[in-house]
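Hi,

Here's the structure I said I'd pass along. Have a look at it first, and then read on for my notes.

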Amino acid sequence: MVEYWAWAILLLVSGLALATMEIFIPSGGILGFLAVAALVASVVVAFLHSAVVGLVILATALFGLPVVAILGFKFWPRTAIGRRVLLTTPQSQDVLPDNPRLRALKSLVGKVGRAKGPMLPSGPVVIEGRTIDAVSEGMAIEAGQLVRVVQVRGMEVIVQPADDGESLASRPKQAAQDPLSQPIDALIPDPFQEPPTA
């Protein structure tokens with residue numbers, strides 16, 4: 001009598017091995033097709049021996065194939081092909097290199113300055129005598145209003161209105177005479193406003 005159970009086990013092991021190879025070796029589906037054919041053949045040969053052996057081989061194939069696939073995909077990123085196909089998640093130091101300008105912007109966090117013009121929501125602010133483009137955090141800021149730097153996101157400076165009690169980090173000496181630090185209404189009269197009557 002032919003030992004069908006031995007052939008069934010051999011085909012089962014071969015099918016699971018081919019399924020594992022399909023995960024690690026790109027074959028265009030050839031190894032996957034051979035794996036399925038070997039597993040089906042192992043079940044058929046096992047049922048030729050007896051129903052009990054057939055059911056055992058069928059359960060082993062149905063349980064073993066997902067286990068092999070899960071383990072294969074778990075270890076696949078560590079292989080040479082997996083490292084080439086899958087990209088690693090970039091770290092913040094890779095995306096934003098540490099340069100002098102970024103360090104200078106990060107040093108402004110917590111400092112107080114003055115809005116040079118209306119910020120709806122972005123505009124220039126003067127901090128320590130330097131004019132910097134900034135973005136208001138959630139609300140409009142009027143020209144000349146005190147602002148505090150709360151965050152630096154990438155190369156973007158985030159500011160919010162500061163309390164009047166906070167002092168400027170470095171107030172420009174000629175702020176009152178600087179036309180850019182004053183509201184536009186103070187420099188140019190409104191053309192749509194009627195002149196006052198005597």
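Below is what turned up, helices first and then the strands.

One thing up front: this is a predicted model.

Let's start with the helix pair. Helix 2 (residues 30–49) and helix 3 (residues 51–75) pack with their axes 6 Å apart, at an angle of about 160°. Anything over 145 degrees counts as roughly antiparallel, so that's the label for helix 2 and helix 3. Their crossing is right-handed. On the helix 2 side, the contact is made by Leu39, Ser42, Val43, Ala46, Phe47 and His49. Helix 3 brings Ala51, Val53, Gly54, Leu55, Ile57, Leu58, Ala61 and Leu65. Sorted by type, the residues of that contact come to 11 nonpolar, 3 polar and no charged.

Now the strands. There's a closed barrel of 5 strands, running 1-2-3-5-4 with mixed pairing, and the twist averages 55° from one strand to the next.

Strand 1 (residues 112–115) pairs in the antiparallel sense with strand 2 (residues 122–127) over 2 bridges; Ala115 has Val125 as its bridge partner there. Strand 1 also pairs with strand 4 (residues 146–153), again in the antiparallel sense, over 3 bridges, and Arg114 stands opposite Leu146 in strand 4.

Finally, strand 4 and strand 5 (residues 156–161) are antiparallel partners over 6 bridges, with Val152 bridging to Val157 of strand 5. The two form a hairpin with 2 residues between them, and Gly154 in the turn has a positive phi of about 65°.

Cheers

Conventions:
Residues are numbered from 1 along each chain as its sequence is written. This is a predicted model: local features need pLDDT of at least 70, side-chain atom pairs count only at pLDDT 80 or more; totals for chains, interfaces and linings use all residues. Side-chain values use heavy atoms; hydrogens and water are left out. Axes are lines fitted to C-alpha atoms, for helices over the stretch in contact, and angles run from 0 to 180 degrees between N-to-C directions. Helices (H or I, at least four residues) and strands (E, at least two) are DSSP runs, numbered from the N terminus. Angles under 35 degrees count as roughly parallel, over 145 as roughly antiparallel, 65 to 115 as roughly perpendicular and the rest as oblique. A crossing is left-handed if the near helix is turned anticlockwise from the far one by less than a right angle, and right-handed if clockwise. Contact means heavy atoms within 4.5 Å. Ala, Val, Leu, Ile, Met, Phe, Trp, Tyr, Cys and Pro count as nonpolar, Asp, Glu, Lys and Arg as charged, and the others, Gly among them, as polar. Two strands pair if DSSP finds at least two bridges between them.
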